[in-house]
Amino acid sequence: MALPASRVDDRTYDQLLAVLLKQLPVAEWRDHNPSDPGITLVELLAWLGEMTLYKMDRTSPEHRERYLDLVIDRPEPATVPVTFKLTPPRAVPATVKAGTLLATDFRNGARVIYETITDAVLVRAAAGADQTATVVAREWAEVTNERLGLSDGTPNQVFTLSGVGTTSHVLLDFVNVYGPPGPNPQVSVAGAPWNLKPFLRTEASYTGGGGAAQDFMVDQIENRIRFGDGLFGAVPPALSEIRCVRYQVVAENAALVREGELQHVLRLQVGSLTLAAGESLQITRQPDADGGGGFFGSGEARVAPALARFRHRDRLITADDFRTVLEVDFNQLETALKARAILPEPARIARATALMNRIAPGLYPRAGHVAIIVLREADWNVIVDPSVAVTTKQSAINLDITLEEKLRRFLDRRRLITTRLGFIAPTLVPLIVETSVVASTGRSLAEMDLAVRSALRDFFHLQTGHFDHRGWPFGRSVFPAEIYRLLEGIDGVDYVTQLLLNGSDGPVALADAELPVLQQVSVAVTRS
């Protein structure tokens, strides 16, 4: 019986050959005919590549899950930063241990529960200040003592976790450093605990060396527990009872809480502060939750999109990576959350750029830092209106702390681990343009005046301006030569006799995070 065909990678020989031929230096290698020995080697590599992909398409289920782990985002819990406040404040720091449970009010007979994942040490920043601390919490839903079945003594046994549900996934956590102790999930065979491993076909799970290798792995896509074949990972003895002692579940949209919904400290973890009479521990700040629902799907429904995302830029390495992820991916996520009624109003980014090895907000050199300039969506009618003050326009595009935190959390999973991010809004620099143009014979002077003003307004539009219609480049100085080119390209303009920018015939210099905003236009039109 032939192995079932799967499509881990669908590229063919012709597609691989086309990719390789595009890499050849055309100036140095002009003979691309099949008779060329070098082309023969390239064709051989394409053939070998196709054969390798053919073998990848016929892998064992265990290997297939391992390969998919490389390209599919594991289901992740929704997370949210929360700020604790101790009232009245103490003279010494107080600790809320990781694993403390927080909850919303009851909705339809149920409430959403989160757990803190790091210790919160509450301190006073200064005398007279509140005693606070901010930590990250993740959604919490636990299943305990689930009977999976009896072992039949055969290799590669698989057991389904029935408590997960159809729209949830088991949370995979190899090192759980706070209580209950141990990894997630925890499995016992005949009452004895076995070890969770990322993959069984490793030296650590090899039984031929005399080790017990009482190991199991988790197929997180299908929510199943998988045991070994006797060579890599032991086989549970026949008739042994298989139980999942405990595991946490990652829910879908229901776990995404909105701002301020986590209001109750449900249970303090052991080792946390003890509240004395008259003391209270409150949650004073909690923005919208992030993650979780954006990673969901089940089985084969996740494979095809994951392979498509594998070719999509996701790791933030170059400045263009940052720009693309913010302008495209972030906006798509916000739109999707709005469509699911998770967000009342999405935040949108009009444009963004990144300055590598620069620290915000000062933009002075600093290795390992990336300063990200973000132009948020605004009312562009207000921005282009010359009668509106520059200070009002600047306020419309400034970043508030909520948007900055949302951007930071969105990029945190994609950034390199050593990269530090900073966010700033562009600074608007007022621009005054005075010009005199000569119109062609027979053209209306009023019509040409309007055409010049309209062309200048469109050219300096923050989102769709400049020659490429992608907005004025951040930090690019305004050169008179570009304005001459613009104006003399207008139908009906013969030539420009005078052009002043901010009262000078020279360029208007801009710093890296500055953008010009057109505040005043004076146009004089004469006939030729």
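This passage goes through the salt bridges, cavities, surface patch and backbone oddities of a predicted model.

The model being predicted, local features need pLDDT of at least 70 and side-chain atom pairs count only at pLDDT 80 or more, while totals for chains, interfaces and linings use all residues. Residues are numbered from 1 along each chain as its sequence is written, and side-chain values use heavy atoms, with hydrogens and water left out.

Salt bridges come up first. Side chains of opposite charge can pair when their charged atoms come close. Here a salt bridge is a side-chain nitrogen of Lys or Arg within 4 Å of a carboxyl oxygen of Asp or Glu, and searching the whole structure turns up 21 of them. One of these pairs Arg 147 with Glu 241, at 2.9 Å from N to O. Arg 147 sits in strand β7 (residues 142-150) and Glu 241 in strand β14 (residues 241-250), so the two are 94 residues apart along the chain; helices (H or I, at least four residues) and strands (E, at least two) are DSSP runs, numbered from the N terminus. For accessibility, buried means under 20% relative accessible area, exposed over 50%, and partly exposed in between (1.4 Å probe, protein chains only). Arg 147 counts as partly exposed because its relative accessibility is 46%, and Glu 241 lands in that class because its value is 29%.

Glu 334 and Lys 406 make another salt bridge, with their closest N and O atoms 3.4 Å apart. Since Glu 334 belongs to helix α5 (residues 319-339) and Lys 406 to helix α8 (residues 401-412), the pair ties together parts that are 72 residues apart in sequence. Both Glu 334 and Lys 406 are buried; for Glu 334 the relative accessibility is 2%. Glu 334 also has Pro 346 at 5.2 Å, C-alpha to C-alpha, with their positions 12 residues apart in sequence.

A further salt bridge joins Asp 491 and Arg 443 at 3.6 Å, N to O. This one runs from loop to loop: Asp 491 is between α10 (480-488) and β22 (493-501), Arg 443 is between β21 (427-439) and α9 (445-459), and the two are 48 residues apart. Asp 491 counts as exposed, at 61% relative accessibility. Elsewhere, salt bridges that share partners bring Arg 147, Glu 241 and Arg 243 into one network. Back in strand β22, Val 493 is buried, with a relative accessible area of 7%. Its C-alpha atom is separated by 9.5 Å from that of Ala 451, 42 residues apart along the chain.

Next, the empty space. Rolling a probe the size of a water molecule over the atoms shows where empty space is left. On a 1 Å grid over the protein atoms alone, a cavity is a set of points where a 1.4 Å probe fits but cannot get out, and lining residues have an atom within 4 Å of a point. Grid points are joined across faces, edges and corners, and a volume is the space filled by probe spheres set on the points. The count is 5 cavities of 30 Å³ or more. The second largest cavity holds about 80 Å³, and its lining is made of Trp 380, Ile 383, Val 384, Arg 457, Phe 460, His 461, Leu 462, Val 517 and Leu 518. Two or more lining residues come from each of α6 (380-383) and β23 (514-527). By class, that lining has 7 nonpolar, 1 polar and 1 charged residues, where Ala, Val, Leu, Ile, Met, Phe, Trp, Tyr, Cys and Pro count as nonpolar, Asp, Glu, Lys and Arg as charged, and the others, Gly among them, as polar.

On the outside, Leu 41, Leu 44, Leu 45, Trp 47, Leu 48, Met 51 and Tyr 54 make a nonpolar surface patch of about 690 Å². Patches take residues with over 30% relative accessible area and no salt bridge, nonpolar side chains (Val, Leu, Ile, Met, Phe, Trp, Tyr) being joined within 5 Å and like charges within 9 Å; areas come from the Shrake-Rupley method with a 1.4 Å probe, and for residues only the protein chains shown count as cover. Leu 44, in helix α2 (residues 37-56), counts as partly exposed at 42% relative accessibility.

Finally, the backbone. Thr 87 and Pro 88 are joined by a cis peptide bond with omega about -10°, and Pro 88 falls in the loop between β1 (78-87) and β2 (94-96). Ala 360 and Pro 361 are also joined by a cis peptide bond, with omega about 5°. Asn 145, in strand β7, has a positive phi of about 55° although it is not a glycine.

Terms used:
1 Å grid on protein atoms, 1.4 Å probe; cavity = no way out; pocket = protein on both sides within 12 Å on 5 of 7 lines; lining within 4 Å.
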